[in-house]
Amino acid sequence: MPRFSVIVPAYRVQAYLHACLESVLSQSYPDLELIVVDDCSPDACAEIITEFATRDPRVRPVHLPANGGLGPARNAGMARARGDYLVFLDGDDTLTPGALAAVAGRVEETGEPDVLVYDYARVAWTGEAVRNQAAAHLTERGAEQPFALTDRPGLLRLLMVAWNKAVRRAYAEREGFAFPPGYYEDTPWTYPVLMRAGTIATLDRVCVHYRQRRSGSILGTPSERHLDVFDQYDRVFAFLAAHPELSRWRPALYRRMADHLVAVYARPDRLPRALRPEFLRRARVHCRRHRVPGAPAAPPARLRHALLRLGPPGAYEALRLAAAVGRRIRGLARRLRTATRTGALRLHYRLQRALPLRADRAVFASAEGGHGGDPGALEQAVRSLAPHLRTAWAADPAHHPTVPPGTRRLTPGSAAYWTALARSKYLVHDAPFDPGLRRRRGQVLVQTQAGTPLAHAGLDLQERPAASAGTDFARLLADVDSWNFVLSANRHSTLTWERVHPGRYSTLEYGRPRTDVLQRATAADVARLRAALGIPEGTVAILYAPVARDHRRTQHCALDLQRVAGRLGPRFTVLARAPLGHGGPLAETRGRVLDVSDVREHPSIAALCLASDALVTDWSALMCDYAGLDRPIVLHTADAEVFEAVRGTYVDLAAHPPGAVARDEDELVDVFASGHWRGSRSARLRAAFRERFCPWDDGRAAERVVRRVVLGEPEAALPPVVPLADRHPVPSAALAATALARTPSATVPHPAAPQPAAPPPAVPHPAGPRTVTDSR
């Protein structure tokens, strides 16, 4: 008997059915049966179902002799189900990776509840995914304790559909739950299922991608079948009448019915114009029939409900027109306020520019928002080496808690922010400065850049339309012309930045300031960081940090991290860090996978590097910083050809990798299971990579920048660079543990890794850092 019976009705979804079924069969939790019901579809759905049934024995096809609609099709699937839990999925929707594993884990944690409610995201036909706005009702309060609907009545405010719930099959059969025919068939199913459930649990995780089709969906097609909504609510209230003990839910259900009727009427793509008066007439009858005392709604909704119940035929239409006019007026007023405020701030900025420059002020900012990166390291160095300077950090209020005490917090767009930009002598950023900024005489703008350039950047993106994403290159060059200094971590970065960002700035080849903390940390610091993250003692912590894919509107993880962690076993923990702009977590925090993508909770990528024992990445510049730790690096390059075609690269990582290379998930698991990730060959590759990209990262990069730019010290007086051979990397807590000494060393080249290649010629390191004036 399988754990899950996934029931998929199929009717006119031939274009989407492959993706739907693949999303189920590729789940990392394989204990399932997939019941696909061909609802006598006139397209190729039947052939697709047969194809999947032939190749996977978990697929159980059902072919109905006549079309009955979603309700009867789901009933046919339930009649053949053998799983512990019923999971419904429409033929044009998909399960997210790892969804069933998360559902199974939550079901076990909460003691086999009758119903588990999980979240979904609407995926537009353009590819944009937007999470359910009512997700707050799914917060897992009470942890392992299931509850009844009376404890969490807010669940009734969720979308009343079958496909965001897992229902225990024994419970559904005992109660005799079944779907009715007609449109809106979910309504008489979901309300009784929730109200009669003895135990309910929630899972605060997106498990379903609800496809918003551009055309062709049932609910988006005008039809008289939309009048079925009245019959479905009659069935709901008849169910309440048959179960008097549930009568307390009548007021809440009346409000939900009234909201639903308003929503159906307000959608122009549902009701033909000729049926709109009939719909309003029947809505009045239903509201009068089912309304009970004690069912007042919030004030805006109360008026709509009253007009549905009492108003004349044209009253609701007049209200809708008035609301549309009101929205238009409010929109115009909002735009007017914005334009007025923008004009006032521009005038304020011009007036502030006329005032004397403050030589004791410095403003810092980072693209990640939180206090960190190279600007964060420089800000700390300024407070230590130049205490006469008053520093400020510009970031959205959500990131203000990451700013250390003693540093002023600025909100971009505020009057204080523009005052600081106009009058501070030093401005430091790792991304383009504010477009409204105009450098004045005496100001010093320091551009730290976003790390060692491994992929194409700057003017080279002109030939990469998918990667440039509408970049305004004229605006880019105007920003470059405002820079005084650009920081560089190595000779490769210097040569690349000066070519793709041509300007009159001076390049300071001093190393990356954000790596200073990596060089100065102690074993005690590593232990403290690992304990704060909850990394079990003695386990190997793998930091997975991929880059974003420019050719995709929506980003997704290239690895099923839960499956990887499961295959590696309890000696490994995975830290997942999403790239900037990913828009959400990279993985679910569960078991031995910890998502550390939220920069408000984990603002320091350096802290994550110190806490980890190995880095897995693809083309992230983080590998160049991590190499300074002299800890193992593994490349996962599943789509190398696509990335090269879309973005383009400056470094041939296939020929000169920083460690082992894996081209797919199986090879990645084998690299770690065999010990090849920390073998002698990986160490040799890393040493050559470190020699090339970490010549200046000795823990004093920020000090050199501050002494040169702020204190005005000459080059000869700057701290000399510590040679690589004399640097002592911070020990890794897990790699030093004797419990892991039994892991076999990988002295034999791994089949997934490229054959040994001669490292690139090392660049001689001068005794001190390098400054290049006038980057033309």
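**Helix packing and a buried threonine**

In the contact between helices α12 and α25, residues Ala 377, Leu 378, Ala 381, Val 382 and Leu 385 of α12 meet Ala 702, Glu 703, Val 705, Val 706 and Arg 707 of α25. By class, this contact holds eight nonpolar residues, two charged residues and no polar ones. The model in which these contacts were computed is predicted.

Helix α12 covers residues 373-385 and helix α25 covers residues 701-709; their axes come within 9 Å and cross at roughly 60°. Angles under 35 degrees count as roughly parallel, and those from 65 to 115 as roughly perpendicular. The two helices, α12 and α25, are therefore oblique to each other. Their crossing is right-handed.

Helix α25 was also examined for burial. Seven of its nine residues are buried, so α25 is largely enclosed by the rest of the structure. The buried residues are Ala 701, Ala 702, Glu 703, Arg 704, Val 705, Val 706 and Val 709. These buried residues of α25 pack against helix α12, strands β13 (424-429), β14 (444-447), β15 (485-488) and β16 (506-509), and helix α17 (516-520).

A second helix pair is formed by α6 (residues 187-196) and α7 (residues 228-242), which pack at an angle of about 25° with their axes 8 Å apart. Because angles under 35 degrees count as roughly parallel, α6 and α7 are described as roughly parallel to each other. The crossing of α6 and α7 is right-handed. On the α6 side the contact is made by Thr 187, Pro 188, Tyr 191, Pro 192, Met 195 and Arg 196, and on the α7 side by Gln 232, Tyr 233, Arg 235, Val 236, Phe 239 and Leu 240. By class, the residues in the contact of α6 with α7 are eight nonpolar, two polar and two charged.

At the level of a single residue, Thr 617 lies in strand β20, which spans residues 614-617. Its relative accessibility is 1%, and because buried means under 20%, Thr 617 counts as buried. The side chain of Thr 617 reaches the backbone oxygen of Ala 545 at 2.6 Å. Leaving aside residues up to four places away in sequence, Thr 617 touches Ala 545, Pro 546, Met 623, Val 634, Leu 635 and His 636. Ala 545 thus appears both in the list of residues touched by Thr 617 and as the residue whose backbone oxygen is reached by the Thr 617 side chain.

Conventions: Residues are numbered from 1 along each chain as its sequence is written. This is a predicted model: local features need pLDDT of at least 70, side-chain atom pairs count only at pLDDT 80 or more; totals for chains, interfaces and linings use all residues. Side-chain values use heavy atoms; hydrogens and water are left out. Helices (H or I, at least four residues) and strands (E, at least two) are DSSP runs, numbered from the N terminus. Buried means under 20% relative accessible area, exposed over 50%, partly exposed in between (1.4 Å probe, protein chains only). A polar contact is a pair of N or O atoms within 3.5 Å; within protein, one must be able to donate a hydrogen and the other to accept it, and residues adjacent in sequence count only if both atoms are side-chain atoms. Contact means heavy atoms within 4.5 Å. Axes are lines fitted to C-alpha atoms, for helices over the stretch in contact, and angles run from 0 to 180 degrees between N-to-C directions. Angles under 35 degrees count as roughly parallel, over 145 as roughly antiparallel, 65 to 115 as roughly perpendicular and the rest as oblique. A crossing is left-handed if the near helix is turned anticlockwise from the far one by less than a right angle, and right-handed if clockwise. Ala, Val, Leu, Ile, Met, Phe, Trp, Tyr, Cys and Pro count as nonpolar, Asp, Glu, Lys and Arg as charged, and the others, Gly among them, as polar.
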